[in-house]
Amino acid sequence: MFDDLPPDLDRLHTLRVWHAMWLRRIDAKIAAITQRQAEEEHGRRSRPAPPEWIVELGIGAHRPPLQVHAGGCYMAGKRRRPVGREEARRLIAAGLKTCSHCRPDSRLGITDLSPHPGRSAAAAS
């Protein structure tokens, strides 16, 4: 029989204490990781949904709107506020710039934003 354990009782007790200590450390690490994963999952579930549309804001006290973005656009700056669909349409129709990456005008179904609404494309040429 293959027996690699020490033959005396003192060393066997020492090994048992040593392995019990390691089992407590491993169990504590497992519990900490399980707790962290549960907290992360709870955070993901309770995170509010991103807004459908956002307006990037300028610098200054009045912070004028600069550009309209779709809610998940990666190009939107840090200064922003969420807006509803109708406000986004109104801002774009009023001439506010749209993001060329997320194309909120296309997503909102606004296809013609010509600077001269009374002129046709043929008359402009």
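The following legends describe close-up views of a predicted model of a single protein chain.

**Figure 1. The chain contains four helices and four strands.** Read along the sequence, these elements come in the pattern α-β-β-β-α-β-α-α. The chain has 125 residues, and 21% of them count as buried. Its accessible surface is about 10000 Å², and carbon and sulfur atoms account for 57% of that area. Contacts between residues at least 6 apart in sequence can be sorted by how far apart the partners are along the chain; 45% of these contacts join residues at least 24 apart.

**Figure 2. Strand β1 is mostly covered.** Five of the five residues of β1 are buried. In a regular strand, side chains alternate between the two faces of the sheet. In β1, Trp53, Val55 and Leu57 point one way. Ile54 and Glu56 point the other way, and these residues too are buried. The list of buried residues in β1 thus includes a glutamate, Glu56, as well as residues such as Val55 and Leu57.

**Figure 3. Strand β1 pairs with β2 and is also joined to β3.** β2 covers residues 65-70 and pairs with β1 in the antiparallel sense, over five bridges. Within this pairing, leucine 57 stands opposite proline 65 of β2. β3 covers residues 80-83; four bridges join β3 to β1, and these two strands also run antiparallel. Here valine 55 of β1 stands opposite arginine 81 of β3. Leucine 57 and valine 55 are among the β1 residues whose side chains point one way, and both are buried.

**Figure 4. Glu41, Arg44 and Arg45 form one salt-bridge network.** Side chains of opposite charge can pair when their charged atoms come close. Glutamate 41 forms a salt bridge with arginine 44, and the closest N and O atoms of this pair are 3.0 Å apart. Both residues lie in helix α1, three residues apart, which is about one turn of the helix. Glutamate 41 also meets arginine 45 in a salt bridge, with an N to O distance of 3.7 Å. Because arginine 45 and glutamate 41 are four residues apart in helix α1, about one helical turn separates them. Glutamate 41 is partly exposed, with a relative accessible area of 32%. Arginine 44 is partly exposed at 47%, whereas arginine 45 is exposed at 59%.

**Figure 5. A salt bridge links arginine 85 and glutamate 52.** The two side chains meet with an N to O distance of 3.8 Å. This pair links distant parts of the chain, with its members 33 residues apart. Arginine 85 is in helix α2 (residues 85-93), and glutamate 52 is in the loop between α1 and β1. Arginine 85 is partly exposed, with a relative accessible area of 37%. Glutamate 52 is exposed, with a value of 51%. The structure holds eight salt bridges, including this one.

**Figure 6. Cysteines 99 and 102 are buried, and the count of disulfides is zero.** A disulfide is a covalent bond between the sulfur atoms of two cysteines. The cut-off used here is 2.5 Å between the two sulfur atoms. For cysteine 99, the closest cysteine sulfur is that of cysteine 73, at 3.7 Å, so the two are too far apart for a bond. Cysteine 102 is in no disulfide either; its nearest cysteine sulfur, that of cysteine 73, is 3.7 Å away. Cysteine 99 is buried, with a relative accessible area of 2%. Cysteine 102 counts as buried at 8% relative accessibility.

**Figure 7. Six residues make a nonpolar patch on the surface.** The patch has an area of about 580 Å² and is made by Trp18, Met21, Trp22, Leu23, Ile26 and Ile30. One of these residues, leucine 23, is placed in helix α1, which spans residues 9-46. Leucine 23 is exposed, with a relative accessible area of 52%.

Notes:
Residues are numbered from 1 along each chain as its sequence is written. This is a predicted model: local features need pLDDT of at least 70, side-chain atom pairs count only at pLDDT 80 or more; totals for chains, interfaces and linings use all residues. Side-chain values use heavy atoms; hydrogens and water are left out. Patches are made of residues with over 30% relative accessible area and no salt bridge: like charges are joined within 9 Å, nonpolar side chains (Val, Leu, Ile, Met, Phe, Trp, Tyr) within 5 Å. Accessible areas come from the Shrake-Rupley method with a 1.4 Å probe; for residues, only the protein chains shown count as cover. A salt bridge is a side-chain nitrogen of Lys or Arg within 4 Å of a carboxyl oxygen of Asp or Glu. Buried means under 20% relative accessible area, exposed over 50%, partly exposed in between (1.4 Å probe, protein chains only). Contact means heavy atoms within 4.5 Å. Two strands pair if DSSP finds at least two bridges between them.
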